[in-house]
Amino acid sequence: MRVIGIDPGLRACGWGVIDVDGPRLRHVANGTCRPSGSDMGSRLMSLHLLLTAVLEAHRPDAAAVEQTFVNAGGQSTLKLGQARGIAVLVPAQAGLTVGEYAPNAVKKAVVGVGHAAKAQIAHMVAMQLPGCAPDSADAADALAVALCHAVHLQMSCRVAAAVARA
């Protein structure tokens, strides 16, 4: 199964693609979309086009997006929410169900604690996906989202198999 993780942002939207084969995880690609445009509409359209190109290039089977962290300033939270809307829309348009994870859940799944620093996340992503070199902290976060989703998908499959056996 191929999984894409997306760390939404209007200035830098990280993405990471991994292949999951049972317990084996393999890095496929990662990057950072940097939308262009001077107004909100053009930036959102640019982000949509960039993420669509990533999905067309890598053809994931599953997608996950990090939930919005509520900032002190309502205006910046609202803007991030609009970018997150695009990050959920693009995989949905490709026919994928989109998993959504809180930042602390992603950190806990990848690092083992819910309040890890960005450097710790990048380190653990590199440990779990040997040879990957995220092009930004946002790309490392997106790979962490993909890893978190892979763990949740594997657990769901195990539970379903156990229920079927019972």
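**Strand order and packing in a predicted model**

Me: Happy to look at this predicted model with you. Five strands form an open sheet with mixed pairing; in what order do they lie?
Reply: Let's work outward from the edges. Strands β3 (24-33) and β5 (98-101) each pair on one side only, and these are the edge strands. Read across the open sheet, the order is β3-β2-β1-β4-β5.

Me: Which strand pairs with β1 in the antiparallel sense, and which in the parallel sense?
Reply: Strand β1 (residues 2-7) is joined by six bridges to β2 (residues 13-21), and these two run antiparallel. They form a hairpin with five residues between them. Over four bridges, β1 also pairs in the parallel sense with strand β4 (residues 62-66). The antiparallel partner is thus β2, and the parallel partner is β4.

Me: Which residues stand opposite Ile4 in β2 and β4?
Reply: Take each partner strand in turn. In β2, Ile4 stands opposite Val17. In β4, the residue opposite Ile4 is Ala63.

Me: Is β1 mostly covered or mostly exposed, and how many of its residues are buried?
Reply: A residue counts as buried when its relative accessible area is under 20%. By that cut-off, strand β1 is mostly covered. The number of buried residues is five of six.

Me: Neighbouring strands of this sheet are turned against each other by how many degrees on average, and which helices pack on the sheet?
Reply: With direction ignored, the average turn between neighbouring strands is 20 degrees. Helix α1 (residues 40-58) packs on the sheet, touching β1, β2 and β3. Another helix, touching β1, β4 and β5, packs on the sheet as well: α2 (residues 74-93).

Notes:
Residues numbered from 1 in each chain as written. Predicted model: local features only at pLDDT ≥ 70, side-chain atom pairs only at ≥ 80, totals over all residues. Heavy atoms only, no water. Buried < 20%, exposed > 50% of the residue type's maximum accessible area, 1.4 Å probe, protein only. Pairing = 2+ DSSP bridges. Axes fitted to C-alpha atoms, helices over the stretch in contact; angles between N-to-C directions. Contact = heavy atoms within 4.5 Å.
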